[in-house]
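Visitor: I am new here, and I would like a friendly tour of this structure. Could you take me through it step by step?

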Amino acid sequence: STVLVSGASGFVAAWCCRVLLQRGHRVRGACRSEEKAQYLQQLFDRDFPGQFETVMADDLETPGVFDEAVKGVDGVLHTASPFHFNTDGKAITALINPALKGTENMLQSCLKHGDKLKRVVITSSFAAILDTAKPVPQQYTEEDWNETSVKETERDGEAQEPVSSYRSSKTQAERAAWAFVEREQPSWDLATINPPYIIGPPIHPCASAEKLNTSSKTCWDILHGAKKEDDMPGLLGCVVDVRNVADAHVMALLHTEAGGHRFAPTIGELRSPSPQPRSADTTAGKWTLQDVADIVHSSARIPAEWRGNVPTGKPQTGGAVVQNGLSGEKTAKVLGVQYHTLQNTFEATAIALKDYEKRN
Ligand code: NDP
């Protein structure tokens, strides 16, 4: 079967392409840059000759931009959407329009030209789950929805604060997708993946560390001394491995029963030896700077010269400041995703980022 992946040059999408190819699918990657398309072509031709092709899709906001790309595909992973906080006072233009119109345009193209299509999987986000104005549940699940960020957009328009704008962009795009399917009743169905902060080894085209995607840049900054002892223990929120996010996308495409569902994957074991997430574990998936420091200072796999950049803090105390995590149970149970541990994820991230250091 053939699967279209939009935003193929992105951190998450490149991994989605790789997982699809590893499982024997043909992949059509939609990109807006010729240079990045060529990079991906070379990357995947090495291991999967003849199985990967690219298609140009310049502007998410142009109606019909995916019309050609969806023709003849069995499945679609729509990942393309801006993830950054550089709105420069233009929240709607920079984040919300590309997210929302990009999703609507993709679904319109699927409706018109997706003759063989069985399922569309959209990369939404934990940002469409977390509502900072609502009482905090013991543990977040796929049942929760962010309503506040969209209200903030309605109130503040272009001047909206960037983090809230991003959350609003993801919430509006996901809402629009479910509404589209409800209204149009297409022959295919929809699933969404709602990951929290995604880290892991980047494989996507990226000319230098400065141009790394937002979440990989966070890891880069930590490893280059951006955090001090005073920032410890440093709650960083919920987190998941990019390889598991890709697994979740691919499994959501393949498992019949995934249609109509949201899936929030998370990180596996963080601090205790028992497998996580467990439904009773309210800290599931939440990481701290202290957790990262513990890994950096104890792991032989982390490049030694980075150790001095990361404060030691008070080893093994990260868990004490964590509450209200995200349950990754549904993704594990329904999609069979087996989560990486934070240790494994952060080591793989650091090793891959070492390669980016050489590009500077
Ligand atoms: P990247 O920035 O690496 O990828 C974003 C992709 O979308 C790139 O291919 C980019 O193209 C494309 N894109 C962005 N804006 C536009 C636009 N205006 N027109 C056309 N293409 C565009 O980020 P991620 O891989 O992290 O993000 C992928 C998806 O995952 C997004 O939907 C994001 O919201 C979601 N997500 C990410 C999380 C994270 O922590 N990383 C957490 C939860 C969800 P180009 O390469 O040409 O710039």
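Guide: Gladly! One definition will help us with the strands: two strands pair if DSSP finds at least two bridges between them. Please also keep in mind that this is a predicted model.

Visitor: In which sense do strand β5 and β6 pair?

Guide: Strand β5 covers residues 119-123, and 5 bridges link it with β6. One place to look is V121, which stands opposite A191 in β6. With those 5 bridges, the sense in which β5 and β6 pair is parallel.

Visitor: Which residue of β9 stands opposite I193?

Guide: Strand β9 takes in residues 262-263, and 2 bridges join β6 to it. These two strands run parallel. Opposite I193, in β9, stands F263.

Visitor: What is the bridge partner of H78 in β5?

Guide: Here we turn to strand β4, residues 75-78, which pairs with β5 over 4 bridges in the parallel sense. In β5, the bridge partner of H78 is I122.

Visitor: Which strands stand at the edges of the sheet?

Guide: The open sheet has 7 strands with parallel pairing, in the order β3-β2-β1-β4-β5-β6-β9. An edge strand here has a single partner strand, so one side of it is left without a neighbour in the sheet. The strands at the edges are β3 (52-56) and β9.

Visitor: How many residues of strand β6 are buried?

Guide: For a residue to count as buried, 20 or more other C-beta atoms must lie within 10 Å of its own. Strand β6 spans residues 189-193 and is largely enclosed by the rest of the structure, because most of its residues pass, namely 4 of the 5.

Visitor: Let us step back to the whole chain. What is the radius of gyration of the protein chain?

Guide: The secondary structure of the chain comes to 10 helices and 10 strands. For 360 residues the globule rule gives 21 Å, and the chain is close to that, so it is as compact as a globular protein of that length; its radius of gyration is 20 Å.

Visitor: What share of the contacts is between residues 24 or more positions apart?

Guide: Buried residues make up 51% of the 360 residues in the chain. Turning to contacts with a separation of 6 or more, the share from residues 24 or more positions apart is 77%.

Visitor: Which element gives the largest share of the side of domain 1 that touches domain 2?

Guide: The assignment gives domain 1 (2-200 + 240-266) and domain 2 (201-239 + 267-360). Between them, 39 residues of domain 1 are in contact with 34 residues of domain 2. On the domain 1 side, the elements that give two or more residues are α1, α2 (34-47), β7, β8 (235-241) and α7 (242-254). The largest share, 6 residues, comes from α7.

Visitor: How far apart are the centres of domain 1 and domain 2?

Guide: The two centres are taken over C-alpha atoms. The separation between the centres of domain 1 and domain 2 is 23 Å.

Visitor: Finally, which element gives the largest share of the shell around the ligand?

Guide: The ligand is surrounded by 26 residues, and the closest are G7, G10, F11, S81 and N213. Each of domain 1 and domain 2 supplies at least three residues of this shell. Two or more residues come from each of α1 (11-22) and β7 (197-199). The largest share, 3 residues, comes from α1.

Conventions. Residues are numbered from 1 along each chain as its sequence is written. This is a predicted model: local features need pLDDT of at least 70, side-chain atom pairs count only at pLDDT 80 or more; totals for chains, interfaces and linings use all residues. The radius of gyration is taken over C-alpha atoms; the globule rule is 2.2 Å times the number of residues to the power 0.38. A residue is buried if 20 or more other C-beta atoms lie within 10 Å of its own, exposed if 12 or fewer, and partly exposed in between; C-beta atoms are placed from the backbone. Two residues are in contact if their C-beta atoms, placed from the backbone, lie within 7 Å. A residue is near a molecule or strand if its C-beta atom, placed from the backbone, lies within 6 Å of it. Domain bounds come from an automatic or database domain assignment.
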